[in-house]
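Me: I am new to this structure and would like a close look at a single part of it. Please take the surroundings of the ligand and explain each term as you go.

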Amino acid sequence: MYHKKIEEMINIVLFGAPGCGKGTQAHKLVEKYNLNHVSTGDVIRGEINRQTELGLSMKDYIARGELAPDSLVIDIIADYVQSHRESNGNIFDGFPRTTPQAEAFDKILDKSAMSVDIMLELVVPEEELVQRILLRGKDSGRADDADEGVIRNRIKVYHEQTAVVADYYRAQGKYVKIDGVGTIDEIFGRLCEQIDRL
Ligand code: ADP
């Protein structure tokens, strides 16, 4: 069976505030482009649900709407990259979320002769973010989606610690902003247009 050479794998970072639609769009992109998808939020929730040592060490941060420690999240991604070498590429959803994570990520990818090809940010106004998350919280079962105070804290953390990561990729000429308001298919179309140019 033919596999793409590892350096031909495409690496997409999906970026944006909590509730911007990264997860929804990531699933559609996976189908269309035959990519692997990793959401650090999903991995963390899995660890917490299975009550692993790693999960327990991150639980309180997530409950407060704060970020998990960089070192833990970076290790999760390093393991992921090591063990996912056979596809057209990867979608990273929710990572990197701080500048130290972005710097570590470049090193991790470089070890495998890879790099980030594009960062796509979904931009959505703050009030719409809060409303979307509260709606999702009704059936997601996520405690961090049910409490408006925690949601607002996640958005605050996004502005304070995460938004700057866009500058990191902008400086490398890899950052593209996408209007995240519209139907799921409209937004998907906007993302595909950018990916098809790569
Ligand atoms: P959302 O984008 O709606 O906040 P996620 O599932 O991406 O949802 O993340 C849920 C929580 O997991 C975050 O609020 C944060 O506490 C933690 N988390 C996810 N990714 C990271 C990361 N890269 N670094 C630190 N913490 C993270």
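Reply: What follows looks at the ligand and then at one residue beside its surroundings. The model is a predicted one, in which local features need pLDDT of at least 70 and side-chain atom pairs count only at pLDDT 80 or more, while totals for chains, interfaces and linings use all residues. Residues are numbered from 1 along each chain as its sequence is written, and side-chain values use heavy atoms, with hydrogens and water left out.

Around the ligand there are 19 residues, of which T40, R45, E66, G94 and R154 come nearest; a residue is counted here if one of its heavy atoms lies within 4 Å of the molecule. A polar side-chain atom of R45 is 2.9 Å from an oxygen atom of the ligand, and a backbone N or O atom of E66 is 2.5 Å from an oxygen atom of the ligand. For A68, a backbone N or O atom lies 2.9 Å from a nitrogen atom of the ligand. Taken alone, the ligand exposes 540 Å², and the protein buries 96% of that, with accessible areas coming from the Shrake-Rupley method with a 1.4 Å probe.

R154 also leads to D144, since D144 touches I62, V150, I151 and R154, not counting residues up to four places away in sequence; touching, or contact, means heavy atoms within 4.5 Å. D144 counts as buried because its relative accessibility is 11%, where buried means under 20% relative accessible area, exposed over 50% and partly exposed in between (1.4 Å probe, protein chains only).

Note on methods: Polar contact = N/O pair within 3.5 Å; in protein donor to acceptor, adjacent residues only side chain to side chain.
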